[in-house]
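Student: Could you take me slowly through one part of this model, and then show me how that part sits among its neighbours? I would like one connected explanation rather than a list.

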Amino acid sequence: MSESSVPYSTHRRVQAFKGFLRQFLGHGGAQLGFVCLVCFLVLAAVPNILVGPLQTAVNATGDFLVPPSGQHLLGTDEVGRDVLNLVVHGARISLTIALLATVISLIVGATVGMTAGYFGHWADVWLMRLTDFFFVVPSFVLALVITPVVLEVMGRGRDILGFRPSIFVIIVVIGLTSWAFVARIVRSQTLSLKERTFVDRARVAGTSNLSIMLKHILPNLVPQIAANGALVVAGAIYVETSLSFLGLGDPLQPSWGTLLALAQRAGAASAGAWWYLGAPGICVLMVSLSFVLIGNALDDTFNPRRRVIP
Amino acid sequence: MTDFSKDNAPLLEVDRLSVDYSLKAVSARAIENVSFGLRAGEAVALVGESGSGKTTTAMAIAGLLSANALVSGGEVRYRGERLPIDDDAAMRPHRWSETSVVFQGAMNALNPVHRIIKQIAEPCRLKLRMSRGEATARARELLELVGIPADRGTAYPHELSGGMRQRVMIAMALACRPSIVIGDEPTTALDVITQAQILKLLGDLRSRLNLALILITHDLSVVAEACDRVMIMYSGRIVEDGTVGEIFAKPKHPYTKLLIDSIPNPAKGKRMIRPIPGDPPNLVSRPSGCAFHPRCPSAMAVCTTEVPSLDPLGCGRVACHLHQSLTQEDKIAAHA
Amino acid sequence: MPDTGDILRLENLEVHFPIQGGLFDRVLGRPAGVVRAVDGIDLTIGHGEIVALVGESGSGKTTVGRVITKLAQPTAGRLLFEGADMTSVRGLSALRPYRHHVQMIFQDAYQALNSRHTVFDIVAEPLRSLRLVENDAQLTERVSEALAAAGLNPPGDFFARFPHELSGGQRQRVVIAGALAVRPELIVADEPVSMLDVSIRAQILQVLVDLRDKHNMALLFITHDLPLAWLIADRIAVLYLGKLVEIGSADEITFNPRHPYTVALRDATPQIHTDADRSKLPALQGEVPSAARVPKGCRFHPRCPLAFDRCRQDEPPAIEVGPQHLSACWLAN
C-alpha cells in the first residue's frame, strides 16, 4: 500500500514553504549568513574553473612568500604556491568534512535521543550514559586513538569510501564527538512530544512504535534538528581546523586548518606574511559565523511562540 | 445597597465602543458599537462563543488590550469621566483600584516559590504604598474575606487546590478596593462543585462590598446563578440584553433561543437537543448584514443586507429584524 | 462469539500508580506511596449502549478510559471484551483485533491531531496501521465514508487540509472520523465536547447518537457534566476518588439519586430553570482529596453532610436500591 494515495495540494505546501522562507530571510543575520555561505559553496563546488587545479610544490606559479599583488591576489606561500588557489581548494575539503561530520552527528544524535526519550526506562538510562561519555571525550584524543587503527586496518594509501584515510578519520571523529549535543536536545523534545495526545491517538490506531517515531515525532523534531544542525556545522568547521592545525590533516588535500598549520610551521607569523595566515583564518571565521547566524535565524523562525505556519 | 446604586447614574458606561485587531496585513473588527451601562453593585454577564468579542470588551474596559488592538471608536466612562483605555501609562492609576480582573486559569499564574500571603501583600505595598506590616495585615484580611483561614497564608501555591488558588486570585483582585471586578471565565477550569463554591463567593463578596461584577462566560447556566443581567454577544456585537429571568423565560433573539435550547435540561424531560447549524463566524470573514443570518432558522431577506440595530424592547434590548418590524408596527399602531 | 449480552465488562478494575519517594525515603527504606487512581470498579457496557462515566477531575474517569483503550495497564482486576480476557494482552499484533473494535475520541482535538498531517492521513492512519484495507481505492472510500459520517461534507474537500485550517468543531469531527474509520463496536469518548463552543456541542452529540442508532455502536461517554450525561446516556455511573458510588439508568440517577455525592453533584450544577425538587442538603465544602490519601471507610465521608460513625469505619458495598440501580452508601437501603 502506498503512503500517498491522495494528490496532495502541493500548492499549499509550496505556499507554506514560501511563508517560512520569507520569515527566515526577514532576519538580517540570516541574509548575511546565507549570502556568505552561498559564495563559499560556489567556491567549493567548482574550484578548478575559478583558480585552476590545486598547486603543489611542483607546479607552483609564484615566488616565495610574495605579498598580495595583481598576479597573486592573496600572495604566495613558502614554496611559491598561490594562497588564493590553496584557500579555494581548501574550502572544498573543509566544507565536505564539516557537512559530512554533521550528517553523521545528526543521524546518530537524533536516533539515540529519540530512542532514549521515547522508550524511557533502561533504554534512556543506558543511552544517556553513553551520550555523557561521548560528551566529554576530547576529539583530539579520540582522533589519536582512531587514526592508527584505521590506517592499520585499511592501509595507508587506500581510499575509504572515496576519502583519503586521514580525512575519513577526521570526519568520523568529529561526527562521533558532536552527536551527544544533538542527542540531548532531541531527547528532551521527544520526552514532551510523546506525552502529546496525538501520540496516544496513534497508539489507539494501532500504529507501531517505529512508525510513531518516524511519522509523528520526527517531523515535529525537524525544527530543532535543523536549527541545531547549523550550529553543529559551525562547530565541526572549528574542530576540523584545530585537528588539522595540530597535524592530523592530509598534506596532499589541504583544508583551511592544514593551511594554517603549514603557515605556522613556515614561520609566517614571524616573517610578517599576514596573508598566508589571514586568508584561511578569515575563511574559517566567516563560514562558522554564517552557520551560527543561520542556526539562530532558524531557531527564531521555528520558535512555536512566533510561528505562524506549522 | 448604598444610595449610589439607587440613583440612575451608571458607575460605568460603555458607549459605542469598537475595537480592531491588526493581524499581519488584515485588520479585523473584534467588537463593534458595544454600548451598555453598569450600576454599582450590579452583576452583568457577557455571554458568547469564542470570537464573539466578550473578552475584548472586558479587556478594553480594564485597559488591558493587547498591543495590536486599536480602539477605533467610542469610549468608556467611569463615574462620568472618560477612561484613557488605549493609553497604557495613563490607565495605570485606574487599573486594579477601579476595575480589576480575575483571569481564566489564573490560579496557575501564581509564583510557585513565594508564599501566598507575600504574593497578596505585594500589590498592597506597591499600589497602596503600605508598610510591610500593614500590607501583611491587609493580606490576612483579604484571605479571610475570600474564605481562606489567614493562617493558611504561609502555604505555597502548590499546596493549595485549584479552587483555593482561584480564591487567592480573587483576593489579589480585591486588594486595592476596586468597585468593579471583571471575571474572565473565572470558573471554567474548575470542577462543578468548586465552581459552585466560587460563584457563591463572588455573590457574597458582591453584596458585602457593593461590588459591580462583569462575568465573562460561554456558559449560560453559570450566569443564572450569579448575575442580574445578561448580554448575549455574537460576532462582535451585543445581540440581546436583558434581565436573567426575562432572557431565560422569554428569549427574543433567535440565537439566544437556540443557545438556551442547547443546554441540556432534565427538568424539561426532552431528551435530544436541537443543534445550531454551522460554525461561529471568524473575525476576518464576517457575514454581511446580521452576522447570525447564515445559521438563523428565521432569517429574512433583510437580514442578509442590513445590520439590525440594538433597540429597546420590553425592559431589555434586542438586535433582530424580527423584532424591529414589530416595534415599527407598534409605533404605527401607537400613532394611529 | 459467545453472546454475553455485554460488549465490555470491567471486573474489580484497579490502577495504582507508585509514587516515587524522595531520596531520604528511599535511603531510610520508607515505603513509597501509591496513587489509587482507579480502586476497584465493576462496570458493564452492553451492545449499542451509551454509558456515561461522570466524575470530577481526580476521580479516575480518564484512567478508566485509558485502560479500556489499552493505553494504561491495570494493576489488578480484569478487562473482558466480548467475554474474552484482554487484561494482559499486549504488543502491537496481539492488540490489532482489539483496536479494530475499540477506538477513542479525545477531549482536545487540537492536541489530538498532528499538525503536520493532512486530514486524509489522520483518518487513514488506523486503517493503514490495522491493515484493514487492501488498496488505495478502498482506503479513499473508507476515509470518505468516515468523514461523511462525522458530518464533514463533501469529504473530498477536507482530504488535503491541515488541522490548523479547520474550526474547532471541524477538528473534533476529524477526531471522530479517525475513530469511526475502522467501524468499531465500542468508542470511548473522553469529554468530547467540553472544549467546544456551546452552539457546536449539540452537533457533535448528534453525530455520536446517530452512530449508535445506525450502527448499534456502544459508547462510553466520559464527562464531568451530569445534565450532559443525562442527555446522551442510557445509564450513568458516578465515580468518586477511584470508585463507583452510584450507577443506574440516566433518569434514575438524575431524578432519584441515592448517593449524597450524586445529589451534591446535581445541586452544584448551574441550572437555568430553577427546579423545585432540589434537595435540602447543604452545599459541599472542600475539594476532592488526593488519590494518594484515600480516606478510611467510605471515601466520601469527610465531605458528606450525612456521614455517621459507620461511614468512618467501613466501606459501604454497592447496594441495589432499585431496578439496576446500585448505590454505595450505608444510607441507601
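Tutor: What follows is a close look at chain B, beginning with its domains and moving outward to the other chains.

Please keep in mind throughout that this is a predicted model. The domain assignment divides chain B into two parts, with domain 1 made of residues 3-98 together with 178-335, and domain 2 made of residues 106-177. If you take the centres of these two domains over their C-alpha atoms, you find domain 1 of chain B and domain 2 of chain B separated by 30 Å. The two domains do meet, and the contact draws eleven residues from domain 1 of chain B and 13 residues from domain 2 of chain B. On the domain 1 side of chain B, the largest share of the residues touching domain 2 comes from helix H7 of chain B, residues 192-209, which supplies four of them. When that side of domain 1 of chain B is sorted by class, it has eight nonpolar and three polar residues, and no charged residues.

A single residue helps to bring the picture down to a smaller scale. B:Thr136 lies in helix H5 of chain B, which covers residues 132-145. Is B:Thr136 buried or partly exposed? A residue counts as buried if 20 or more other C-beta atoms lie within 10 Å of its own; B:Thr136 has 19 within that distance, and it is therefore partly exposed. Leaving aside residues up to four places away in sequence, B:Thr136 touches B:Ile117 and B:Ala121. For a sense of distance, you can compare the position of B:Thr136 with that of B:Arg92, which is 44 residues away in sequence and 23 Å away in space, counted from C-alpha to C-alpha.

We can now step outside chain B and ask what it meets. There are two pairs of chains in contact, and of these it is chains B and C that share the most contacts. In that pair, 33 residues of chain B are in contact with 31 residues of chain C. The elements of chain B that each give two or more residues to the side touching chain C are H7, helix H8 (220-226) and helix H10 (254-261). The largest share of that side comes from H8(B), which gives five residues. By class, the side of chain B that touches chain C has 19 nonpolar, eight polar and six charged residues.

Chain A stands in another relation to chain B, for no contact joins chain A and chain B, and their closest C-alpha atoms lie 10 Å apart. The secondary structure of chain A consists of twelve helices and zero strands, and its C-alpha trace spans about 75 × 45 × 35 Å along the principal axes. Chain A has 310 residues, of which 41% count as buried. One pair of its helices is worth following, namely H7 of chain A (residues 165-193) and H9 of chain A (residues 209-248), which pack at an angle of about 150° with their axes 8 Å apart. An angle over 145 degrees counts as roughly antiparallel, and so H7(A) and H9(A) are roughly antiparallel to each other. The crossing in which H7(A) passes H9(A) is right-handed, and the residues of their contact divide into 15 nonpolar, eight polar and one charged.

Conventions:
Residues are numbered from 1 along each chain as its sequence is written. Chains are lettered from A and ligands numbered from 1 in the order in which they are written. This is a predicted model: local features need pLDDT of at least 70, side-chain atom pairs count only at pLDDT 80 or more; totals for chains, interfaces and linings use all residues. Helices (H or I, at least four residues) and strands (E, at least two) are DSSP runs, numbered from the N terminus. A residue is buried if 20 or more other C-beta atoms lie within 10 Å of its own, exposed if 12 or fewer, and partly exposed in between; C-beta atoms are placed from the backbone. Domain bounds come from an automatic or database domain assignment. Two residues are in contact if their C-beta atoms, placed from the backbone, lie within 7 Å. Ala, Val, Leu, Ile, Met, Phe, Trp, Tyr, Cys and Pro count as nonpolar, Asp, Glu, Lys and Arg as charged, and the others, Gly among them, as polar. Axes are lines fitted to C-alpha atoms, for helices over the stretch in contact, and angles run from 0 to 180 degrees between N-to-C directions. Angles under 35 degrees count as roughly parallel, over 145 as roughly antiparallel, 65 to 115 as roughly perpendicular and the rest as oblique. A crossing is left-handed if the near helix is turned anticlockwise from the far one by less than a right angle, and right-handed if clockwise.
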